[in-house]
Amino acid sequence: MKIATFNINGINRRFGNLMAWLADAAPDVVCLQETKATDRQFPATALADAGYGAVWRGESGWNGVAILARGAEPILTREELPGNPDDGQARYIEAAVNGVLIACLYAPNGNPRPGPKFDYKMAWTGRLLAHAGELWATDLPVVLAGDYNIVPEPRDIYQTTSYRDNALVQPESRALFARLLAQGWTDALRARHPDETVYTFWDYMRNRWPRNAGLRLDHLLLSRELARKLKAAEVDREVRGREGASDHAPAWIELKV
DNA sequence: ATGACTGGTTGGACCAGA
């Protein structure tokens with residue numbers, strides 16, 4: 001079973017890129033972030049024509065998340081992160097596919113810092129930590145996949161000082177990610193590549209892709225049982241180099257299921 | 001500190017991303 005996460009940065013603007021990658025990679029499950037489409041604008045019919053069932057939650061202009069399943073209909077279990085009924089941003093969706101609980105998340109960026117956006121990042125990611133703790137306690141097979149907007153360690157970003165004050169690399173941000181791992185979750189990409197540099201995002205600006213000036217922001221965290229079944233974890237880097245690409249590349253895992 | 005890239009919402013600069 002192959003499960004991917006991909007910050008698509010506009011599903012309709014980049015529908016051709018998405019279709020080409022789906023045809024090549026043939027993932028069983030795809031977590032999408034930044035669909036930037038309202039629920040009505042979501043291209044459910046075209047995805048169904050390509051063989052993918054979907055659940056989605058969008059809003060106008062920004063954010064938006066979706067879970068696709070090849071030859072199946074995901075069974076929706078949640079469409080918001082618990083803990084704040086006043087938070088209307090479309091950043092979380094959760095569904096069961098083939099016996100695996102898939103959590104698709106798009107954590108807030110948090111810039112500029114300090115300020116209300118950074119406070120929101122901390123609060124939202126804190127709510128994620130709480131929910132992840134509850135999921136861990138169920139002992140279900142769970143994948144927490146998405147754009148966490150956190151660079152876990154210094155080696156997960158290219159050599160630079162330009163991100164020094166950025167929300168993505170702050171000790172408070174990294175501490176939240178570390179607390180997730182401390183619950184027991186396995187960071188699949190790092191587990192399969194303990195000594196390699198792995199990036200999933202390259203800014204559009206300043207030739208960051210040709211220079212390989214990247215960051216690792218997209219993560220797949222695995223529950224205990226699924227970690228034992230992990231066969232492979234990779235980033236489809238070449239997708240970032242295509243015409244009209246998102247600024248993120250897809251990351252995926254292969255499970256023995 | 002600023003600018004540089006891209007998408008979306010608009011009807012034009014502006015917000016947001018990271």
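Helices (H or I, at least four residues) and strands (E, at least two) are taken here as DSSP runs, numbered from the N terminus. The structure is a predicted model, in which local features need pLDDT of at least 70, side-chain atom pairs count only at pLDDT 80 or more, and totals for chains, interfaces and linings use all residues. Residues are numbered from 1 along each chain as its sequence is written, chains are lettered from A and ligands numbered from 1 in the order in which they are written, and side-chain values use heavy atoms, with hydrogens and water left out.

The span of residues 4–248 is 26% helix and 23% strand, and its end C-alpha atoms lie 12 Å apart.

Turning to the DNA, 23 residues are found around strand B (a heavy atom within 4 Å of it). Those that come nearest are Arg13, Glu34, Asn109, Met205 and Arg206. Of the atoms of DNA strand B that come within 4 Å of the protein, 79% belong to sugar and phosphate. Polar contacts (a pair of N or O atoms within 3.5 Å) give some detail. The side chain of Asn149 places an N or O atom 2.9 Å from a phosphate oxygen of DNA strand B, and a polar side-chain atom of His248 is 3.4 Å from a phosphate oxygen of the strand. For Arg206, a side-chain N or O atom lies 2.2 Å from a base nitrogen of DNA strand B.

Terms used: Polar contact = N/O pair within 3.5 Å; in protein donor to acceptor, adjacent residues only side chain to side chain.
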